[in-house]
Amino acid sequence: KQVWPWHTLKCASMSSSILSGGDRRIEAETYLSSGFGIRLAIESKANGWTRFGSLAKVWMPGRLKGIQVSRDFGTPFLAATQVFDVRPIPRKWLALTRTVDAANRFVQPGMILVTCSGSVGRATLAYAPHENTLISHDLLRVEAIDQRNKGWLYAYLHAQQVRAMTVGVHYGHIIKHLETSHLEALPIPTVDDDTVADFSRRVARILDLRNEGHRLTLEAEARFEKALGPLKINDWGDEGFTIKASKAFFGGRRRFDASVHNPGVATIRRHLAKHGEGFTTVAEAGYDVWLPTRFRRVPAEDGVWLVGSADLTEVNPDLFKRIADGDFGDSYRGRVEAGWVLMARSGQTYGIIGTAILAGADLEGHVISDHVMRIKPRHDAKIKAGYLVTALSHPLFGRPVLKSLAYGSSIPEIEVADLATHEVVRLRPADESAIADLAEASARARAAADVLEREIARDAGAIIERFMAQHTGTAA
């Protein structure tokens, strides 16, 4: 007897008449997906629903063949995944005059964007960091025909049933794709005016909170930079550099890798020493730094949500992995609390490594990856968490120094010991307090936006569930 060891055959029978409409999809996967069953359940109702395309215009710019130039001469460009970052950092700059249909590649604040390549169907709102930036064609643009419906449309796209439907209609073997026609054809229940108004109010609040969080972060960083004075770095060691062996190998960690001795980082350290009010290490400042032990990720449908290190850098991360609960190698059972500083300790140097964020209420109750350092303030902490996260994550005075601590060529990592002994510049108490307040208010705004977005997703899902359960009529 031979047994196929990897999976069992998934099969079902269906009426051939189903193939005669729509896209006439031949892939069996489409009809075996849960999304297909949800779609049939909605469309089987005689009334109370309409096509998504009757309420919204769905479009996308043509495929982009941009010409890359230096940042001094180009316009910043964001790929689809970067648009979801809390702090999108462009890695490409394009020649605007040589970019076809450039005007339609910019987005307006509040526009709904939906991923249509790779992990399809994920929706977000364009906000302040996306302004004056070219946005990838791998995001569908959704504009409500009647602006009153915008909130309901956005909430609908976040419902689990709708994500299942978008996944059910995607196509492609290696990289999945979603077309504008697929989104337009989705069935959406019609809701009453009060429900429409409620979703519109909450979605407007989400946009306000996201913009507020971004503004407060920029204000905290500007205050930090103003206190230290301007700095221009001309040499980042891209063409090589030399350093005395006595300085590199006979003291401290005896680091043989060049990153920690980068001349640009050395310039930053000298600037901080000259313009700051001294230094304190993270440990001396009253913070415990640790990592949970590496833990197994055992899939469990009724388990706890796992938040990866990359998820921490995104707005309302798309959590899709539940794992069996356990102690996860630390006294907090893998959880974190609002007010802690979290930092991605591994990844590529151009990516998330060294990215520090302030945990909010949105992360409580979830298990955080063992690739994320926990930086917990003790009762005797000398500096506030908001100031610490700003000092660690500032794009000029903070993160380049943190990234220089990384070691390893394939997947660089930062050691707990290196972070605990990392020196944080001190400022005048009034400046530190003001910066901390701004950073902490920013974290609260971002967390509130994510919590609210999850709420509208649950509420939209409940409306769809009730609609499928009833015989006829309008959802409420």
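Helices and strands here are runs assigned by DSSP, numbered from the N terminus, with at least four residues for a helix and at least two for a strand. With that in hand, welcome to a set of close-up views of a predicted model.

**View 1. Asparagine 316 sits in the loop between β13 and β14.** Look at the backbone here: asparagine 316 has a positive phi of about 40°, although it is not a glycine. Is asparagine 316 buried or exposed? Its relative accessibility is 12%, so asparagine 316 counts as buried, the limit for that word being under 20%.

**View 2. Arginine 333 lies in the loop between β14 and β15.** This residue also has a positive phi, near 55°, and it is not a glycine either. At 37% relative accessibility, arginine 333 counts as partly exposed.

**View 3. An open sheet is built from 3 strands in the order β14-β13-β17.** The pairing in this sheet is mixed. Why is one side of β14 and of β17 left without a neighbour in the sheet? β14 (322-323) and β17 (367-368) stand at the edges and each has a single partner strand, so one side of each has no neighbour in the sheet. Strand β13, residues 299-307, pairs with β17 in the parallel sense over 2 bridges. To find your way along this pairing, start at leucine 306, which stands opposite valine 367 in β17.

**View 4. Another open sheet has 4 strands in the order β3-β5-β4-β8.** Its pairing is mixed. The edge positions belong to β3 (68-69) and β8; each has a single partner strand, so one side of each is left without a neighbour in the sheet. β4 and β5 run antiparallel and are joined by 3 bridges. Here threonine 75 stands opposite leucine 94 in β5.

**View 5. Glutamine 82 is in the loop between β4 (75-78) and β5 (92-94).** With a relative accessibility of 7%, glutamine 82 counts as buried. A polar atom of its side chain lies 2.9 Å from the backbone nitrogen of alanine 79. Which residues does glutamine 82 contact, once its neighbours within four places in sequence are left aside? They are Phe77, Pro88, Ile89, Pro90 and Arg91.

**View 6. Histidine 137 is in the loop between β8 (134-135) and β9 (139-144).** Histidine 137 counts as buried, at 11% relative accessibility. Its side chain makes a polar contact with the side chain of arginine 63, at 3.4 Å. The histidine 137 side chain also reaches the backbone nitrogen of leucine 64, at 3.1 Å. Leaving aside neighbours within four places in sequence, the residues in contact with histidine 137 include Met60, Pro61, Gly62 and Arg105. Cys116 is one of these contacts too: cysteine 116 is 21 residues from histidine 137 in sequence, and their C-alpha atoms are 8.8 Å apart in space.

**View 7. Helix α6 runs over residues 193-228.** How many residues does helix α6 have? It has 36, and it reaches 53 Å from its first C-alpha to its last, close to the 52 Å expected at 1.5 Å a residue. At the start of α6, a side-chain oxygen of aspartate 192 comes to within 3.3 Å of the backbone nitrogen of aspartate 194. Move to the other end and, just after α6, you meet glycine 229, with a positive phi of about 85°.

**View 8. Proline 412 is placed in the loop between α10 (399-403) and α11 (416-420).** Its relative accessibility is 6%, so proline 412 counts as buried. Not counting residues up to four places away in sequence, proline 412 touches several residues, among them Ser346, Gly347, Ile353 and Tyr407. Another is Arg345; arginine 345 is 67 residues away along the chain, with 8.4 Å between the two C-alpha atoms.

**View 9. The second largest pocket has a volume of about 870 Å³.** Of the 27 residues that line this pocket, the closest to its centre are His158, Gln160, Trp305, Leu319 and Ala457. Several elements each supply at least two residues of the lining, including α2 (34-43), β7 (123-125), α3 (150-158) and α4 (160-169). Which element gives the most to the lining of the second largest pocket? That is α12, with 5 residues.

Definitions and conventions. Residues are numbered from 1 along each chain as its sequence is written. This is a predicted model: local features need pLDDT of at least 70, side-chain atom pairs count only at pLDDT 80 or more; totals for chains, interfaces and linings use all residues. Side-chain values use heavy atoms; hydrogens and water are left out. Two strands pair if DSSP finds at least two bridges between them. The expected span of a helix is 1.5 Å times one less than its number of residues. A polar contact is a pair of N or O atoms within 3.5 Å; within protein, one must be able to donate a hydrogen and the other to accept it, and residues adjacent in sequence count only if both atoms are side-chain atoms. Buried means under 20% relative accessible area, exposed over 50%, partly exposed in between (1.4 Å probe, protein chains only). Contact means heavy atoms within 4.5 Å. On a 1 Å grid over the protein atoms alone, a cavity is a set of points where a 1.4 Å probe fits but cannot get out, and a pocket is an open set with protein on both sides within 12 Å along at least five of seven lines; lining residues have an atom within 4 Å of a point. Grid points are joined across faces, edges and corners, and a volume is the space filled by probe spheres set on the points.
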